[in-house]
Each structure stands twice: as C-alpha cells, then as structure tokens.
2 protein chains.
Amino acid sequence: MIETPYLLFLGDAPDQLAVKVAQGIRDWRPENVVGQLRLPGCQADVKVPDMDLAEARAAGAKTLVIGVANRGGVISDSWKAELHTALEQGFDLASGLHSLLRDEQDLVATAKAHGRMLHDVRVPSVKYPIANGKKRSGKRVLAVGTDCSVGKMYTALAMDKDMRARGMKSTFRATGQTGILVTGDGVPLDAVIADFMAGSVEWLTPDNDDDHWDHIEGQGSLFHASFSGVTMALIHGGQPDALILSHEPTRAHMRGLPDYQLPTLEALRDMALPLARIVNPGCEVVGIAVNTSAWGEDQALSYLEDVERRMGLPACDPFRQGAGRLVDALDAIG
Amino acid sequence: MIETPYLLFLGDAPDQLAVKVAQGIRDWRPENVVGQLRLPGCQADVKVPDMDLAEARAAGAKTLVIGVANRGGVISDSWKAELHTALEQGFDLASGLHSLLRDEQDLVATAKAHGRMLHDVRVPSVKYPIANGKKRSGKRVLAVGTDCSVGKMYTALAMDKDMRARGMKSTFRATGQTGILVTGDGVPLDAVIADFMAGSVEWLTPDNDDDHWDHIEGQGSLFHASFSGVTMALIHGGQPDALILSHEPTRAHMRGLPDYQLPTLEALRDMALPLARIVNPGCEVVGIAVNTSAWGEDQALSYLEDVERRMGLPACDPFRQGAGRLVDALDAIG
C-alpha cells in the first residue's frame with residue numbers, strides 16, 4: 001500500500017528515543033530505506049546516509065516516512081516547510097502520529113495539487129469486536145515492560161526472525177505505528193476506542209495451528225500511569241501462553257513521568273503474571289529481554305548474568321545477541 | 001441540554017441488567033421520569049408507570065431516553081418503528097449507546113422533518129490530554145468491582161449523597177452514559193481513544209480543596225477480559241486515595257463471559273491495591289459495597305456480617321442501607 005523505498009524523516013528529534021519509528025524500520029527492513037532527513041537541531045541518528053529531498057529522489061525514494069514522534073503525537077509546525085517541499089518534489093507522505101496528515105488542510109491541498117498520497121497508518125481501518133475471552137488455538141507470547149520504549153517490539157521481531165530461521169510457524173503481530181509500517185499490517189492499538197481494545201487484540205491473533213506462535217507487539221507498561229490501560233488490554237485480549245519481561249536498565253525515571261521510578265523485574269513479574277492468568281491459567285514468564293544498547297559488551301554480559309541468576313530465567317539482549325535463548329524457552333513449553 | 005422530563009425506553013430488554021441506564025436515572029433523578037415504555041417481550045421493569053408515547057406526551061414527557069443496552073451497544077432494528085413514532089409525536093431522543101443516533105440516516109431524516117433533537121451522550125466532546133501522573137490536591141475514591149454491573153455507580157452516587165447531607169465537600173464524577181444522563185456532565189470513558197483514557201480521568205478529577213472528595217464512577221473490572229483496560233485507566237488516571245470493593249454475590253459467571261468465574265473479594269483487593277499504589281502509595285481499601293438486591297433483608301444482613309468479619313472492613317449495601325458506613329471510613333482517612 002505504501003510505496004517503497006523510504007526516506008526517513010527524523011525532524012528536530014530531541015533524542016534517540018524520539019525516532020524509534022525510523023530506527024525500527026531501518027533495523028527490520030533496511031532494504032526499504034535509502035536515507036534519513038534531519039532538520040537543524042536534530043539529536044538523533046539512525047545510521048543511514050543523510051540526504052536532502054532531491055538526493056533521496058535521485059536515489060529512488062518514493063515515500064517520506066515521518067519517523068519521529070513528539071509527546072502527544074502532533075505534526076510540528078517546524079516540519080511543515082519540508083513536508084510541503086517533499087510533496088512538491090513527488091514524495092508521498094506516511095505517518096503513524098496521532099494527529100493525522102489528512103487533518104492538516106495545507107498538506108491536503110499540496111498533496112492534491114501534486115497528485116500525492118497521505119498515509120495515516122495510525123487510523124484503525126476495521127470495526128473491531130468486543131472481546132469474548134474465549135480460548136483460541138495456537139500459541140501466543142507477549143513482552144511486558146518495566147516502562148514504555150524498552151525494546152518490546154524488537155524482542156517480538158527478533159523472536160519471530162529466529163523462529164522462522166528454525167522453520168517454526170511464527171507471525172509478528174504489530175500493535176503500533178512502527179510495527180505496522182515495518183510489516184504493512186496490524187492494529188493501531190493506542191488509537192482504538194477503549195471498549196474495543198481487547199477485542200482488537202483477539203481479532204489480531206485468531207485461532208491458528210497448535211504449533212504456531214504469534215509474537216504480539218507489546219505497548220506501554222502496567223507501571224506507566226499514562227498507558228497502563230493499553231497494556232492491560234494486550235494481556236487480556238492476547239491471552240498469552242508466555243510472557244517475556246522487557247527492561248532498560250539505565251533509565252532514571254519512567255518515560256515522560258519524572259516523578260516515577262521504574263519497577264524491579266520482580267515487581268513486574270508479580271504484577272503481570274496474575275493478571276495474565278485470569279485469561280490463561282497456564283501462562284508462564286519464560287525469559288527476560290534487556291535493552292543493553294547504552295553499554296559495552298562486558299557490562300552488558302555481566303548485567304545479563306546477574307539478572308539470569310537472580311530471576312532464575314534466561315536473560316538476553318535480543319538485538320545484541322539474537323533471541324535464540326528466548327525461543328528455546330518458548331519451544332520448551334510449546 | 002437534554003430536555004426533561006423523560007420517558008424511559010426499555011425496548012425488548014432480555015433482563016434487568018440490560019436496563020441499568022433507565023434504572024439509574026429512575027433511582028437518582030426520579031423527579032425527571034414520567035414513565036417507562038416497554039416493547040412486547042421486554043423482561044425488565046424499573047417500577048414506574050407503563051405508558052405509550054401519547055400517554056407520556058400528555059404527562060409532559062419531552063425526551064425519550066434509550067434506557068436499554070444490548071451487547072455491542074447497537075440500535076436494534078426492532079426499536080426503530082417506536083423511535084420514529086416518538087420523533088413524529090414531538091419527542092427528542094437521547095442515547096448513550098456506542099452506535100450513534102446521528103449515524104442512523106432514517107432517524108436523522110425523521111428528526112429533521114419534525115424539528116427534533118438527537119442526543120448522543122456517549123460521544124466525547126473534549127480533546128483530552130495524555131495523563132501526566134502528577135499528584136493532585138483533594139481526595140478521590142473509586143469503586144472497583146469483581147465484575148461489570150455490580151453497583152459501582154450506585155455506590156459512588158450513594159456516597160456522594162451521604163457526604164452532601166453531612167455538609168462535606170463532594171462531587172460525583174460520571175464516566176459512563178448513565179452517570180452522564182443522570183448528572184448532565186462527565187467523560188464517556190469507554191468511547192475515549194486508548195492513549196487518552198487515563199488523561200481523560202485526570203481531566204475529570206482536577207485539583208480541588210484538600211477536604212473535597214471526588215467519587216469517581218467505576219467501569220468494568222480488572223478481572224473482566226473485555227473491559228479490564230478501561231478499569232486500569234480509571235485506577236491510574238484517578239489516583240484514588242481510597243478504593244471500595246464492589247460485588248454482586250449471586251452471579252454464576254462474569255457478565256457476558258460464561259467461561260469465567262467471579263474472583264473473591266480477597267483476590268480483587270490483592271490485585272487492585274498494588275496497581276493503585278503505583279500512582280498513589282497512600283491508597284487504602286476502606287470498605288466493601290455489596291449489591292444484595294437479589295436477596296431478602298435477613299440473608300443480605302447475614303452475608304454482609306460474614307464479609308465484614310472475613311475482610312476486616314466495613315461492608316454494606318449502599319442502595320439498601322445508604323452509604324453512611326463507607327463515608328465514615330473515608331472521613332477517617334480524609
């Protein structure tokens with residue numbers, strides 16, 4: 001639906017976390033990316049060639065993907081000049097922000113004048129049902145985090161990649177804008193109406209072969225005051241057979257909430273598992289995924305060893321090391 | 001905004017729980033109700049005079065309120081003839097259903113032809129913020145239930161009524177269609193976009209006098225697979241200082257989920273309190289509200305005594321007995 005390859009728009013991102021959409025596309029579909037476009041003041045870098053619009057067009061780019069998110073998900077006025085120029089030069093635009101391209105009358109007018117498309121992947125395109133809580137065939141795994149943006153999507157994509165390499169039946173199920181931009185399909189869960197959240201997750205992960213695994217993309221955190229309801233709906237709509245605990249060990253406070261500390265992995269386990277067992281009494285916590293990107297190899301491995309001993313569960317960094325040990329743990333219960 | 005008094009439309013409700021909207025209006029604003037309109041096969045009764053449309057008009061009714069909800073919240077085809085006739089006879093229509101009156105082209109046409117209004121109280125009229133998790137002044141209490149439809153709204157309305165009678169500062173904060181129809185104000189929480197749920201509850205319960213109590217209307221249940229995400233957002237957006245546990249002791253299974261048993265009051269306490277303390281470490285469970293409407297006085301009192309002894313907390317039926325003992329418990333921590 002969205003034409004590839006992409007030029008990734010990083011805008012005036014204040015930090016690397018703000019460009020997780022762009023980073024995700026670059027990491028999981030590098031073949032679809034020709035470069036990045038950064039405005040003055042941009043503090044992020046996804047390590048692809050910097051290009052202006054003309055260079056990217058010459059390199060074949062068809063769509064400018066807004067790969068940056070600011071708090072509240074609005075389309076910043078400081079991006080507008082570049083977005084208009086992109087449309088004039090022949091790019092389509094794609095966005096997963098809450099604020100929609102289609103609601104910006106100036107962009108709509110420019111797109112129309114130049115025959116270009118505006119793609120809002122955040123908008124639900126399906127009328128989801130209310131969840132019925134019924135047991136479904138097939139297996140499901142969900143990563144739950146001590147915080148938002150700790151690597152839950154990466155963990156799911158890495159487990160899916162490892163399972164496919166082993167010839168196991170496996171599907172990544174996207175629930176956010178990045179995942180949908182990466183895979184072209186999914187539920188934009190944080191834009192779903194409250195009553196239909198859990199139902200949309202049931203819809204996304206239907207009956208399947210007994211030996212098939214759905215890797216459901218996690219969202220938010222049970223410990224994050226802004227988004228815990230979304231996490232709750234994933235746990236109860238997803239009916240996971242297995243939980244992975246996701247953590248980023250260097251964070252000073254909960255993302256966007258300076259007054260809140262991150263919980264321990266033990267606290268996360270003790271909160272999430274009883275909630276998951278309401279809908280799937282057989283659910284188990286099978287492993288721990290740590291985002292160690294802030295550290296060198298030695299510090300990362302030392303931390304993972306400590307966590308593994310402390311928690312009695314396999315612990316790894318799926319991006320640094322691959323998700324093989326998590327898949328081993330899933331295979332053992334499958 | 002909505003013209004009173006009302007004629008309450010019960011439609012072809014299959015049971016009494018299906019008409020909780022009508023029952024709530026009748027119990028808390030009886031002065032606004034002239035009667036009820038029931039279709040053939042209706043199994044519900046809110047104990048006001050049965051009237052047809054002409055009789056209700058003669059008695060002064062101005063608005064036909066859809067006081068019945070079916071699963072999924074759609075406007076049933078079997079109601080349509082009566083709704084058209086009501087508009088033709090001079091009634092406005094008001095509804096809190098998910099499916100909107102304004103989306104039914106035939107009703108829109110009839111309303112327009114006869115100069116009548118269609119009120120959809122379910123539709124959010126405010127652009128809510130994302131929750132910031134910041135501590136607010138004033139006190140808040142939230143009822144959490146073992147299931148949906150166990151009396152959480154009644155409990156909040158009864159506590160508010162008792163506090164006002166004592167001269168305490170107190171506000172009922174509606175989060176559902178009945179509460180909004182009763183009070184004329186509130187957040188239609190189950191129609192809010194997922195990312196803004198907790199923020200809408202923060203917006204609904206802002207800073208207030210230190211000795212003011214907000215009685216936040218509860219929704220769903222942490223143990224209900226379909227709606228637990230909404231409950232979670234109420235707990236984290238509401239930042240309650242006090243929780244009331246709500247229960248209906250005769251129910252055979254979770255509402256709408258035949259495969260799920262209700263949790264014990266102990267399980268509800270142990271699940272809800274740690275979640276509430278994430279955002280308000282001082283939160284306490286202060287009392288238990290039991291809907292004993294299925295029982296006679298002796299059985300009800302005996303059950304309440306047992307629960308009170310077992311849980312070590314005041315237990316009462318706020319509708320049968322008033323909420324005085326719950327307000328005593330709140331006053332003691334206020």
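These questions and answers cover a predicted model, its chain pairing and one residue, Phe91(A).

Biologist: Which operation lays chain A on chain B?
Modeller: The superposition gives an RMSD of 0.1 Å. The shift along the axis is 0.0 Å, and the turn is 180 degrees. That is the relation of a two-fold axis.

Biologist: Through which surface do the copies meet?
Modeller: Take the interface residues of chain A. In chain B, 100% of them are also interface residues, so the copies meet through the same surface.

Biologist: At what angle do the axes of α9(A) and α9(B) cross?
Modeller: Two packed helices are described by the angle between their axes and the distance between the axes. Here each helix spans residues 265-279, and the axes come within 11 Å. They cross at roughly 135 degrees. That makes α9(A) relative to α9(B) oblique.

Biologist: What is the handedness of that crossing, and which residue class makes the contact?
Modeller: The crossing of α9(A) and α9(B) is left-handed. Met271(A), Pro274(A), Leu275(A) and Ile278(A) meet Met271(B), Pro274(B), Leu275(B) and Ile278(B). No polar and no charged residues take part; the contact has 8 residues, nonpolar.

Biologist: Is Phe91(A) buried or exposed?
Modeller: Phe91(A) sits in the loop between α3 (80-88) and β4 (92-95) of chain A. Leaving aside neighbours within four places in sequence, its contacts include Leu7(A), Leu53(A), Leu64(A) and Arg116(A). Its relative accessible area is 0%, under the 20% cut-off. Therefore Phe91(A) is buried.

Biologist: How far apart in space are Phe91(A) and Phe319(A)?
Modeller: In sequence, Phe91(A) and Phe319(A) are 228 residues apart. In space, C-alpha to C-alpha, the separation is 32 Å.

Definitions and conventions. Residues are numbered from 1 along each chain as its sequence is written. Chains are lettered from A and ligands numbered from 1 in the order in which they are written. This is a predicted model: local features need pLDDT of at least 70, side-chain atom pairs count only at pLDDT 80 or more; totals for chains, interfaces and linings use all residues. Side-chain values use heavy atoms; hydrogens and water are left out. Axes are lines fitted to C-alpha atoms, for helices over the stretch in contact, and angles run from 0 to 180 degrees between N-to-C directions. Helices (H or I, at least four residues) and strands (E, at least two) are DSSP runs, numbered from the N terminus. Angles under 35 degrees count as roughly parallel, over 145 as roughly antiparallel, 65 to 115 as roughly perpendicular and the rest as oblique. A crossing is left-handed if the near helix is turned anticlockwise from the far one by less than a right angle, and right-handed if clockwise. Contact means heavy atoms within 4.5 Å. Ala, Val, Leu, Ile, Met, Phe, Trp, Tyr, Cys and Pro count as nonpolar, Asp, Glu, Lys and Arg as charged, and the others, Gly among them, as polar. Copies are superposed by least squares on the C-alpha atoms of residues with pLDDT of at least 70 in both. Buried means under 20% relative accessible area, exposed over 50%, partly exposed in between (1.4 Å probe, protein chains only).
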